[in-house]
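Visitor: I'd like a close look at one part of this model, the cysteines, and then a stroll around the rest. How many disulfides does a search of the whole structure find?

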Amino acid sequence: MAADSGEEKLLAVARHIAKTLGRHDDTVADDILQIFSNFDHRFSREKLSEKLPDEDPRGCAVLDRALISLDRQISQYIAADHPIWADSADASAFLDAVDELIAVIKEWSPMARSKSVGACLVRADDLVQQAMFRLEDEFRSLMQQGADSFELNGNTELTRNLSFDSDYDNEENDDGILQNSTDQIPVAQPVTDYDIIIDALPSGTINDLHEIAKRMVAAGFGKECSHVYSTCRREFLDESLSRLGLQKLSIEEVQKMPWQDLEEEIERWIKAANVAIRIFFPSERRICDRVFFGFSSAADLSFMEVCRGSAIQLLNFADAIAIGSRSPERLFRVLDVFETLRDLMPEFDSIFSDQYCSFLRYEAVIIWKRLGEAIRGIFMELENLIRRDPAKAAVPGGGLHPITRYVMNYLRAACRSRQTLEQVFDENGALVPPTKLEERGSSSSSLSVQMAWIMELLESNLEMKSKIYRDSALCCIFMMNNGRYIVQKVKDSELGSLLGDDWIRKHNAKVRQYHTNYQRSSWNKVLGVLKPDNSSMAANVAAKTMKEKLKLFNLYFEEICKTQSTWVIFDEQLREELRISVSKLLSPAYRNFIGRFQSIPDIGRNPERHIKYSPEDLEARINMLFEGRSGSSGGRR
């Protein structure tokens, strides 16, 4: 019986070929029949007939019987009110019936021009569609059950650990991974090693999903299968990221956030981005490849649909930071986002390497470059801040100006990310006038040129502020204080290697010049009083002159000491150097003057009554200079 059925099918195929090729010429059809007859005795002209009929009732009957049998088998599963995959035998029988149905359609499709065969194939297509709808439901059910199983077995623990909680104290194995079963790797220890893969679906479930996917793709329902898969996995991925504290925020919402809240959100974003790109996305890629094994296009499309929303969410947040405010205090968090995206770029390119994800790779590079531009823009805003800082009230006692402390501490902190800043400025160039580039030479990095330019702007601003002081000596003290602070902050940080030894020597020389100018403007008048007169005069005139000079000295010295004891030298070493230099300048001249004063006969028996300061008193008063007032702003930090 089976042999007769097979022969009928074979004859039907031969008739269809002859009819199709010879539909415009009966001679051609006869020639084809003759060839078949010579090739195999079963293709005799009697069996094939002299004229090819439009229909072959016997062939169509075979197809009809096959469809009736398959319809009976498949319909019982389609109509079942319980999951088919609850029983592995039912699942296997259902898949076998679907395979046979797909094979029948493939076998008879070449004869679809025949009206009766075509009608049967329409019925077959309807049956396939019903079977695919049921397979789609079963696929969805298996996906949800697998996700629920992972939820119960450890995803809560997983996300708690991956959210970097510090109070975690569970036991771990040698690899730093907590495992609940042989089929799952649901929990990762926080968070020094990202070389973790999460099997969020049991292996048995993945195998079942693969078998269903194979049939749906073969039947032309690959996109529907991909859609169901990506919808379920996308929900799981979104929930996992949410548990890491990552909010779904639009670019506008990010830009409107108060800075303190945004700093906290950036911290959460950095952690979530690392976990997503190094753990979650690779894990999704692995599951996707296993479910759609052998169907790379379907696997790539499904993976893109699963991860696209989460990847765009991560990138949009970084973009919002990049196009946000250029306020200088934001530099360090923008650097954090820039460095995070830069460090994750190799993993990002690798995991999103297929054709469907090319737009994500492109977007990531664009946003990363935009973050670099934001960093340069923040330095431009720092320059503007320095330029615009007004010369209003003078700092009491000539101490450190707040702008000096702010800029130097800011640059020192920024240079902790020297490698990143060099990358940013080398790619885009320094924000300086062209003449400054020429002055620094081609050997200087763009970052060193940028730092030197900011230092120059700061010095120019301080020089403008120094002119507020009416006392030229206090002006020198102000420039000494700020110049010394700048040099010391440069020497003990990365700024020193950026700006170079020549820069440091040059600015130390500037501080020494202010020191010299201070001595000249403060003490030249006092020293002029102590100079001996070259002209000869009578003893009584000399005594009177010396007494007047001594009174004048006392007046000048007292006035200077009273004034300059309120001035500030923030650096102890500089303060001591300045006192010693004043002492070396003044004490010898004063001792010499006192000696000459005491040697004049007409001074009287007790010349000491005219001497207000002994040399020791003079030294003591000098050592009280530059102490400053309590609460002065000249202190160093």
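Guide: Let's fix the term before counting: a disulfide here is a pair of cysteine sulfur atoms within 2.5 Å. In general, that pairing is a covalent bond between the two sulfurs. By that cut-off, searching the whole structure turns up 0 disulfides. Keep in mind that this is a predicted model, where local features need pLDDT of at least 70 and side-chain atom pairs count only at pLDDT 80 or more, while totals for chains, interfaces and linings use all residues. Side-chain values use heavy atoms, leaving out hydrogens and water, and residues are numbered from 1 along each chain as its sequence is written.

Take Cys357: its closest cysteine sulfur belongs to Cys307, and at 7.5 Å that is too far for a bond. Cys357 is also buried, at 0% relative accessibility; buried means under 20% relative accessible area, with a 1.4 Å probe and protein chains only. Cys120 counts as buried too, at 5%.

Step back, and 49% of the 637 residues in the chain are buried. The chain exposes about 31200 Å², with carbon and sulfur atoms supplying 50% of that (Shrake-Rupley areas, 1.4 Å probe). Its secondary structure comes to 23 helices and 2 strands, taken as DSSP runs: H or I over at least four residues for helices, E over at least two for strands, numbered from the N terminus. Among contacts (heavy atoms within 4.5 Å) with a separation of 6 or more, 77% join residues 24 or more positions apart.

The helix α7, residues 203-218, has 16 residues and reaches 23 Å from first C-alpha to last, close to the expected 22 Å, which is 1.5 Å times one less than the number of residues. Its buried residues include Thr205, Ile206, Leu209, His210, Ile212, Ala213 and Met216. Just past α7, Gly220 has a positive phi of about 85 degrees.

Finally, the structure holds 5 cavities of 30 Å³ or more. A cavity is a set of points on a 1 Å grid over the protein atoms alone where a 1.4 Å probe fits but cannot get out, and lining residues have an atom within 4 Å of a point. The second largest has about 50 Å³ of space, and Arg233, Phe236, Phe280 and Glu284 are among the residues lining it. Both α8 (222-243) and α10 (259-291) supply at least two lining residues, and α8 gives the most, with 4.

Definitions and conventions
Buried < 20%, exposed > 50% of the residue type's maximum accessible area, 1.4 Å probe, protein only. 1 Å grid on protein atoms, 1.4 Å probe; cavity = no way out; pocket = protein on both sides within 12 Å on 5 of 7 lines; lining within 4 Å. Points joined across faces, edges and corners; volume = space filled by probe spheres on them.
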